[in-house]
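Work through the exercises below with the sequence and the model side by side. Try each task before reading its solution.

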Amino acid sequence: MGSRPYRRRLAWGAAALLAAGVAVPAVASASEAGGSSDVPALSAGHGAKKAKNVILLIGDGMGDSEITLARDYTVGAAGRLNMDKFPLTGAYTTYSVDKDGKPDYVTDSAASGTGWATGQKTVNGRISKTPGTDKAMPTILELAQKNGLATGSVTTAELTDATPAVLASHATDRSCMGPADMKACPNDTLAKGGPGSIAEQSVNHKVDVLLGGGKARFDQKVTEGRFAGRTVTQQAEQLGYQVVTDDKGLKNARPGKPVLGLFADGNVPVEWTGKAAAQGGTEPQRCVTNNPERKAGTPGLDDQTRKALQLLEAKQKAAGSKKGFFLQVEGASIDKRDHAADPCGQIGETAALDRAVKVARAYAAQHPDTLVVTTADHGHTSQIVPLEATPPGLSSTLVTNEGQKLKVNYSTNTPGKPQEHTGTEVRIAAQGPQAERVLGVTDQTQLFTTIRTALSLR
Ligand SMILES: [Zn+2]
C-alpha cells in the first residue's frame, strides 16, 4: 500500500468532514510521510488526536447483508442498530494471499484477522505468520503490551479460534488450538523449540482479560517444557490467572490478576434458534429467542464486554498508569450460523454483538479518548431476496418483529455442504480519535495502522 490512496481520499473528503464537524488530520508532504509507510505523518494540530483506549468489535462474517437482516428482523427496515449509529463509516477489502503473495479473493478468518492484527496479509489458515516463509509477525496486542497498555480479548467462539488467536499467538495453521492439536504445526511445538499451541501461547502472553469458550482446549495436557503434565488451565493458574466458568465467577473476578473466562467446552451456545433454511424454503417462521442449549449462568457478550472494560480500566488505575487499553470483542457465531444456513441463529448473534457495541459506545461517551471500531472479517452467504423468488439453494421465510415476511437465501454452496464466505468488501465504522481513517475504501491491513497510530504504539 502506498500513501497515495489515503491522501487522495482526504483531499475530496476534507471539506465534507469539516462541514460535519469532524476533525481532519493535516496531511504531511510525501517526503514527511516517509514513503514506505502507508499512513501519512500527522501534524500536531487538532486532527492529530491520540486515543487512550481502543475497543475493536468484530462481527465474524458480518457483511452488509448480515447487518441488514438483523436490522430488518429486530428493529425494522427503517430502524437503526447500535452499529448503524457510528458517525463515520467506510468499506474495506478483505482478500488474503497465496504463498507467493498473489491475491486469494476469498479470505478465511485466520488470514483476515492476521491482516488487522499485524498489518500484513497472509495465506488462509495462518495465524499472524508470513505467507511464504511462515515467520511470526508482531501483533497489535503485543505492541500494546510493550507500550504499557492493558489488553483483552472477548469472543463467543473458543478462545483458540482464529479471530482471537491472531492477537496473542503465531501458528502455521489455525487448527493448532491445544497441545493435542499440533499436527498441522510441526515447527510450532515446544519440542521443536516453537511457542506451542494457541491456548498455551495465549496464556503465556498474559493477556489481562481472556473471555470466551473453548474450555476443553484449555483442559488438554501440556506435553513438553516447563508445564508438562499440567493442563493449560493449570498452566494459566500458575501464571497468575484467576479462572472463571460462569457469570457469577465473572462478576466476582477482581482486578489485580489476569482473568481467564471459559464459559463453554466449545463455542458458546448461540442465543437464538429456529429452522435452518431448506431447499424450496420454509414455512414463515419466528425465531426462538431463548436457546435451551444455552446454560443458565452463561454471560452475554455485552456483560462480558462491560466486565472486560472495568477490569482493564481498574488494572491501569491500580498500577498508577496513565496508559489505557486495547480490547477486541468478537461476535463469532454470526459466521458459524451463516455456514449452517441458520438465519435465526445468525440474527440472534448479530443482535448480541450489537448489544456489545452499545456497551462500547456508552463507555466511549464517558471516555471520549476511546477509539471504537466495528467491522467484520469477511462477507458471508445470506442474501435477502424477493418473496416471489425461488432460488435453487437453501432459503427460509421469516416473520420480522414489524410483522412482515422476509425471505433469506443461502446459495454459496451445494445444499448439504457448508455455506461459504464471500469475497465482498465489508463495512468498517468508527468514532473517536483517528476514526476518520476508516472513511473511503481502505484495506483490512490498514486497520492495524489506524489502531497503532491512534494509540501511538512504537
Ligand atoms: Zn467462517
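The exercises go from the whole chain to a metal site, then to rings and to backbone angles, and they concern a predicted model.

**Exercise 1. Describe the protein as a whole: how many helices and strands are there, and what share of the residues counts as buried?**

Solution. Begin with the secondary structure, where the protein shows 14 helices and 16 strands. Turn next to burial, for which 59% of the 458 residues count as buried. Then look at the contacts with a separation of 6 or more, of which 71% are made by residues 24 or more positions apart. Finish with the surface, where the protein exposes about 18,100 Å², with 51% of that supplied by carbon and sulfur atoms.

**Exercise 2. Find which protein atoms are donors of the zinc ion, and classify the site by its angles.**

Solution. First list the donors: Asp 335 appears twice through OD atoms, while His 339 and His 421 each appear through NE2, and these donors lie 2.0 to 2.5 Å from the zinc ion. Along the sequence, the donor residues follow the spacing D-x3-H-x81-H. This spacing links distant parts of the chain, since Asp 335 belongs to helix 12 (residues 333-339), whereas His 421, 86 residues apart from Asp 335, sits in the loop between strand 14 (405-410) and strand 15 (426-431).

Now take the angles among the four donor atoms, which run from 57 to 151 degrees. Four donors count as tetrahedral if all angles lie between 85 and 135 degrees, and the site of the zinc ion is irregular. As a last step, check the cover: Asp 335 counts as buried at 6% relative accessibility, and His 421 also counts as buried, at 13%.

**Exercise 3. Identify which charged residues lie over the faces of Tyr 95 and Phe 86.**

Solution. Over the face of Tyr 95 lies Lys 121, at 3.8 Å from the ring centre. Over the face of Phe 86 lies Arg 361, at 5.2 Å from the ring centre. For pairs of rings with each other, a search of the whole structure finds two aromatic pairs.

**Exercise 4. Examine the backbone at Ser 128 and Gln 434: where are these residues, and are they buried or exposed?**

Solution. Ser 128, although not a glycine, has a positive phi of about 50 degrees, and its place is in the loop between helix 4 (109-118) and helix 5 (140-146). With a relative accessible area of 0%, Ser 128 is buried. Gln 434, likewise not a glycine, has a positive phi of about 70 degrees and is found in the loop between strand 15 and strand 16 (441-443). Gln 434 counts as buried, at 2% relative accessibility.

Note on methods: Residues are numbered from 1 along each chain as its sequence is written. This is a predicted model: local features need pLDDT of at least 70, side-chain atom pairs count only at pLDDT 80 or more; totals for chains, interfaces and linings use all residues. Side-chain values use heavy atoms; hydrogens and water are left out. Helices (H or I, at least four residues) and strands (E, at least two) are DSSP runs, numbered from the N terminus. Buried means under 20% relative accessible area, exposed over 50%, partly exposed in between (1.4 Å probe, protein chains only). Contact means heavy atoms within 4.5 Å. Accessible areas come from the Shrake-Rupley method with a 1.4 Å probe; for residues, only the protein chains shown count as cover. Donors are N, O and S atoms within 2.8 Å of the metal (3.2 Å for Na, K and Ca); water is not among the atoms, so sites may look incomplete. Four donors count as tetrahedral if all angles lie between 85 and 135 degrees; four count as square planar and six as octahedral if opposite donors are over 155 degrees apart and all others between 65 and 115; anything else is irregular. Rings of Phe, Tyr and Trp (its six-membered ring) pair if their centres lie within 6.5 Å; planes under 30 degrees apart count as stacked, over 60 as edge-to-face and the rest as tilted. A charge sits over a ring if NZ of Lys or CZ of Arg is within 6 Å of the ring centre and within 35 degrees of the ring normal.
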